[in-house]
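Hello,

Here is the structure I promised to pass on to you. Have a look through it first, and then read my notes below.

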Amino acid sequence: MQYILPSQPASRRSAISTVEVGQLRQMSVATLVERCTTESERFYRGQPHDPGYSHELFRRALVERDEQAWEYIFRHYSPLVESWVRRSGAFSSTGETGEFFVVSAFTRFWRAVTPEKFGSFPTLASLLHYLQLCAGCVVIDSVRAQSWAEMLPEETLQNGRSPLTLPDEEAMERVHREEFWNYINTQLNDEAERVVVYNSFVMGMKPGDIYTGRPDLFDGIGEVYNVKRNVLGRLSRNQELRRMLAL
Amino acid sequence: MGDDEGSTDGACCCPPELDELDVLAAVDGEASVAVYAHLEQCSACASRAQQLRTLQGQLRQQLFRLFCPSSDELAACIQADTSGPLNAHITNHILGCPSCQSDLALLASIVARPPHSTPPPPLHRVIAQPQPRAPTKGHTWSQPDTRLYRAGTLRISLSLERYGNPLGLRLRGTLRGTRQRAITASLISSGRVISSTPLDFYGSFTLNDVPNGAVLSLRLPTYEIVVEALQHLLHEYY
């Protein structure tokens with residue numbers, strides 16, 4: 001995920017922390033954990049609090065790769081991440097546990113915020129906002145995986161792509177799929193065929209919805225069906241396409 | 001619908017056989033009741049429908065949501081909305097893609113309330129009640145300095161001990177009766193949190209430097225337990 005720098009100046013963290021950066025850097029992780037817990041409690045009770053300790057713990061975890069700091073951050077912020085996921089309307093329909101989303105969100109966050117990128121997060125608020133975005137992304141990925149399962153027949157899911165793949169594999173697969181689309185495009189004769197194929201297979205729409213969206217292009221739903229039948233007939237007889245689909 | 005079209009599972013058992021458009025409508029879930037009834041009875045027409053379903057599935061497998069931005073790109077859109085220019089290519093796609101509009105709305109709902117912007121509303125408070133000491137077997141006190149408290153079904157045991165300098169007091173405690181994680185124990189003096197610690201896996205905690213007049217608070221996800229009677233323990237030391 002490309003992080004766009006927040007508008008606050010980089011010195012914001014030190015501006016709102018009562019503790020000097022040098023002092024924070026010298027504290028043990030155990031002391032930081034203790035202070036972080038106390039400051040969080042103050043926040044939860046609406047009392048003045050200092051987010052500098054938490055920010056430093058994040059820095060230890062993400063820049064210095066300190067396992068103890070990461071373990072605390074995971075434990076301390078897990079309930080918060082889970083609350084973000086649970087309040088999204090999609091949570092209950094995904095069939096996944098809250099723990100699944102929490103672990104996935106933290107994993108995504110860990111991979112994205114490398115030591116080199118940590119400087120882009122000058123405040124605790126910016127770090128938590130990014131963690132929130134990571135939580136949102138894992139929810140969306142889960143919802144998309146579910147829509148894949150609903151859209152594709154079982155046999156194609158078993159032999160085909162898994163919705164959760166490694167980034168490299170995903171990029172390769174996308175290139176392959178784009179080449180496939182380019183080939184399909186060469187087999188289409190006019191705008192109507194292109195609209196039908198695009199909306200049927202890229203967008204997952206039914207002929208009725210396609211007609212509703214483009215009444216300017218089709219006389220009626222029957223014409224959408226006719227176009228779709230003709231294209232599918234042509235594609236199914238295409239030897240090159242059959243090879244690409246391994247029919 | 002392939003080169004071997006028409007040579008599937010024999011002839012239609014209940015002619016007239018379904019035409020291509022009827023079969024296609026059935027596969028797309030838009031056929032009439034009569035067409036579905038025909039497919040229930042006729043294996044030849046059902047086989048044609050299955051071939052068509054497989055072909056459509058294979059095409060969707062390659063093409064479905066091919067041009068949709070990734071969730072990361074949608075997240076970048078959310079950020080750009082507040083701090084930078086939108087990616088025109090992605091914006092144009094989203095405008096024409098109901099699925100991405102739905103994804104974006106979902107993402108926006110999750111990040112709608114920035115974390116740590118405002119503290120949550122005050123928690124419901126439950127005052128823990130001190131429990132009488134119960135003698136153990138043999139009528140001896142197993143831990144004479146341990147006091148028991150109860151809050152609903154939850155049980156709290158607390159003990160104080162001297163440590164470090166002569167005036168230093170350490171509070172040790174254990175909370176039983178809940179499987180909740182993420183519970184924090186805090187000492188509160190004059191309404192202000194003075195120190196906090198998360199409960200460990202066993203529900204135990206230790207808080208150092210307990211001042212006179214302090215109150216113990218155990219914050220669970222949806223409510224807090226307050227041990228005001230901590231004073232009884234403290235009076236023995238101050």
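Let me begin with a term: two residues are in contact if their C-beta atoms, placed from the backbone, lie within 7 Å. The contact between the chains takes 62 residues from chain A and 58 residues from chain B. Please keep in mind that this is a predicted model, where local features need pLDDT of at least 70, side-chain atom pairs count only at pLDDT 80 or more, and totals for chains, interfaces and linings use all residues. Residues are numbered from 1 along each chain as its sequence is written, while chains are lettered from A and ligands numbered from 1 in the order in which they are written.

**Where the chains meet**

Helices (H or I, at least four residues) and strands (E, at least two) are DSSP runs, numbered from the N terminus. Which element gives the largest share of the side of chain A that touches chain B? That is α8(A), with 15 residues. By class, this side of chain A has 31 nonpolar, 18 polar and 13 charged residues. Here Ala, Val, Leu, Ile, Met, Phe, Trp, Tyr, Cys and Pro count as nonpolar, Asp, Glu, Lys and Arg as charged, and the others, Gly among them, as polar. One helix to find on screen is α3(A), which lies across β6 (184-189), β7 and β9 (215-219) of chain B and runs at about 125 degrees to β7(B). For such angles, axes are lines fitted to C-alpha atoms (for helices over the stretch in contact), and the angles run from 0 to 180 degrees between N-to-C directions.

**Two helices in chain A**

The axes of α5(A) and α7(A), residues 98-112, come within 9 Å and cross at roughly 115 degrees. Among the residues that make this contact are Phe74(A) and Val81(A) of α5(A), and Phe101(A) and Val102(A) of α7(A). Is Phe74(A) buried or exposed? It counts as partly exposed, because it has 16 C-beta neighbours inside 10 Å. The cut-offs are these: a residue is buried with 20 or more other C-beta atoms within 10 Å of its own, exposed with 12 or fewer, and partly exposed in between, with C-beta atoms placed from the backbone.

**Chain B**

Chain B has seven helices and ten strands, and 32% of its 238 residues count as buried. Five of the strands form an open sheet in the order β1-β10-β9-β6-β7, with mixed pairing. Two strands pair if DSSP finds at least two bridges between them. β1 (124-127) and β7 (192-198) of chain B stand at the edges with a single partner strand each, so one side of each is left without a neighbour in the sheet. β1(B) runs parallel to β10(B), residues 223-227, and four bridges join them; His124(B) stands opposite Tyr223(B).

Now turn to β5(B), residues 169-176. It pairs in the antiparallel sense with β4(B), residues 154-162, over eight bridges, and Ile156(B) stands opposite Leu175(B). β5(B) also pairs with β8(B), residues 204-208, in the antiparallel sense over five bridges, where Thr206(B) is the bridge partner of Arg172(B). In a regular strand the side chains alternate between the two faces of the sheet. The covered face of β5(B) has Leu169(B), Leu171(B), Gly173(B) and Leu175(B), and the uncovered one has Arg170(B), Arg172(B), Thr174(B) and Arg176(B).

Enjoy exploring!
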